[in-house]
Amino acid sequence: MQTPEIAVIVLSSAFIIFTLAPLLKWDNWWIRIFDFPRLQLWLLGMAALFLCLCFCRYTTPFPFVFTGVLILAIVYQTIKILPYTPFFKKEVIRYKGKKDDDNRVSLLVSNVLTSNRSSDKLIRLIYRKKPNMVLTLETDSWWETQLDVLEKDYPYSVKIPLDNLYGMHLYSNLELEDAKTMYLIKDDIPSIESYVRLPSGKRVKIYCLHPMPPSPTESDTSTDRDGELLFVGKKVKKADETTLVFGDLNDVAWSYTTILFRKISGLLDPRIGRGMFSTFHAGYFFLRWPLDHVFHSGDFMLNEIRRLPGVGSDHFPIYADFQFRSLAEKVQEEPQADSEDKELAREKIIKAAPIVRTEEIQYKTTDT
């Protein structure tokens, strides 16, 4: 073989290995990391295929077989990312009915990056979009002080300032009821569970999440993240309520864990058939994937979903606006879990060994 042909085979082999790695259901971070860059790997595979056709000499069976395997790997990556493109059927119907603000709810999610000091950018964005709820992640005491200005327009709040990258603040101009902080897996990684009451009087259950990611600097495995997501998914299914789940899940929409979460919970993803809305990394356009999510029950229809401009963080904020319509769940097909899915979720939850503890939040109210 000549040098160019060897280089092409090495590149193509790397792509095939990176494609096959996530098929292993191991929780190790160095396996799960390949769940993330599906689009980047697809582009790598297409480049490898082009180079194969240009430089490989198809004089023996090996190049034909090798190119066939390469094409299969590209097809597999295509299948994974296709639902998050406009070429796929939309999972959530866009609302086109009469304006009904009494049954409308909007939210903005922003992982601010604790060290980021451009709080004014986020505050201006909030005032421009005017969401009903704002969830900020990685917010510490400094960020809490900066965001105090929101209390005039957002009189209901849950504040959990932490300096460990897992602080969380929820601001709402809709009444919060029965708000709790939850420590599902780790003592220092909170989540929020609450009800929010729409102007119509409809109560909506909300879960705000930010589990620990699998990475060499955070956690050696995805066990804790997977356990937290699936535990919440089971709670959602058991309660069978109108529900919103949102936050930085530290997982991509197409990973087997997030897909399993959606099957277990029955929640819908408004991005399907619309786009990836990749929120991380804001600083590198060629390394972006969707880490910040909004999932909802089938009785919501979509008004708008949008990735917002950067606010100085390594994450872009994401904005979503929904319309409650009880009849929508009759026409929007919810994901379903089979017995194998349920058993896998049970095993993962047991492996994470969650000790669920709750603490009532005396959320602050102020006159507007």
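Trainee: Where is the place of Leu327?

Mentor: In this predicted model, Leu327 sits in the loop between strand S11 (318-324) and helix H9 (339-352). Its C-alpha atom is separated by 8.9 Å from that of Gly298, a residue 29 positions away along the chain.

Trainee: Why does Leu327 count as exposed?

Mentor: The relative accessibility of Leu327 is 61%. Exposed means over 50%, so Leu327 counts as exposed.

Trainee: What makes Glu5 count as buried?

Mentor: Glu5 has a relative accessibility of 5%, and buried means under 20%. Glu5 therefore counts as buried. The residue belongs to helix H1 (residues 3-20). Leaving aside neighbours within four places in sequence, Glu5 is in contact with Phe55, Cys56 and Arg57. By contrast, 55 Å separates the C-alpha atoms of Glu5 and Pro131, which are 126 residues apart along the chain.

Trainee: Why does Leu113 count as partly exposed?

Mentor: Its relative accessibility is 22%. Partly exposed is the class between under 20% and over 50%, so Leu113 counts as partly exposed. Leu113 is placed in the loop between strand S1 (104-111) and helix H5 (119-129). Its backbone shows a positive phi of about 70 degrees, although the residue is not a glycine.

Trainee: How do you know that Asn250 is buried?

Mentor: The relative accessible area of Asn250 is 9%. Buried means under 20%, and Asn250 is therefore buried. Asn250 also has a positive phi, of about 50 degrees, without being a glycine. This residue lies in the loop between strand S8 (243-248) and H8.

Trainee: Which peptide bond is cis?

Mentor: The bond from Phe280 to His281 is cis, with omega near 10 degrees. His281 is found in the loop between H8 and S9.

Trainee: How many aromatic pairs are there?

Mentor: The count is 12 aromatic pairs. One of them is formed by Phe36 and Trp289.

Trainee: What makes the pair of Phe36 and Trp289 edge-to-face?

Mentor: The centres of the two rings are 6.0 Å apart, and their planes make an angle of 70 degrees. Rings pair if their centres lie within 6.5 Å, and planes over 60 degrees apart count as edge-to-face, so both conditions are met. The pair links distant parts of the chain, 253 residues apart. Phe36 is in the loop between helix H2 (29-32) and helix H3 (38-55), whereas Trp289 is in the loop between helix H8 (256-265) and strand S9 (292-296). Phe36 and Trp289 are both buried. Elsewhere, ring pairs link Tyr284, Phe285 and Phe286 into a cluster.

Trainee: Which residue lies over the face of Tyr319?

Mentor: Lys129 does, at 4.4 Å from the ring centre. Another such arrangement has Arg307 over the face of Phe316, at 4.3 Å from the ring centre.

Trainee: Why is H3 called roughly antiparallel to H4?

Mentor: The axes of H3 and helix H4 (residues 61-81) come within 9 Å and cross at roughly 155 degrees. Angles over 145 degrees count as roughly antiparallel, and therefore H3 is roughly antiparallel to H4. Their crossing is left-handed. Residues of H3 that take part in the contact include Leu39, Trp42, Met46 and Leu49, while those of H4 include Phe66, Leu70, Ile74 and Ile81.

Trainee: What makes H1 oblique to H4?

Mentor: H1 and H4 pack at an angle of about 40 degrees, their axes being 10 Å apart. Angles under 35 degrees count as roughly parallel and 65 to 115 as roughly perpendicular; an angle of about 40 degrees fits neither class, so H1 is oblique to H4. This crossing of H1 and H4 is left-handed. The residues that meet include Ile9, Phe15 and Ile16 in H1, and Phe62, Val69 and Ala73 in H4.

Trainee: Why is H8 called roughly perpendicular to H9?

Mentor: The axes of H8 and H9 come within 10 Å and cross at roughly 115 degrees. The class of roughly perpendicular runs from 65 to 115 degrees, so H8 is roughly perpendicular to H9. H8 passes H9 in a left-handed crossing. In H8, Tyr256, Leu260, Lys263 and Ile264 meet Asp341, Lys342, Leu344, Ala345 and Lys348 of H9.

How values were computed:
Residues numbered from 1 in each chain as written. Predicted model: local features only at pLDDT ≥ 70, side-chain atom pairs only at ≥ 80, totals over all residues. Heavy atoms only, no water. Phe/Tyr/Trp six-rings, centres within 6.5 Å; stacked < 30°, edge-to-face > 60°. Helix = DSSP H or I, 4+ residues; strand = E, 2+ residues; numbered from the N terminus. Buried < 20%, exposed > 50% of the residue type's maximum accessible area, 1.4 Å probe, protein only. Lys NZ or Arg CZ within 6 Å of the ring centre and 35° of its normal. Axes fitted to C-alpha atoms, helices over the stretch in contact; angles between N-to-C directions. Left-handed = near helix turned anticlockwise from the far one by under 90°. Contact = heavy atoms within 4.5 Å.
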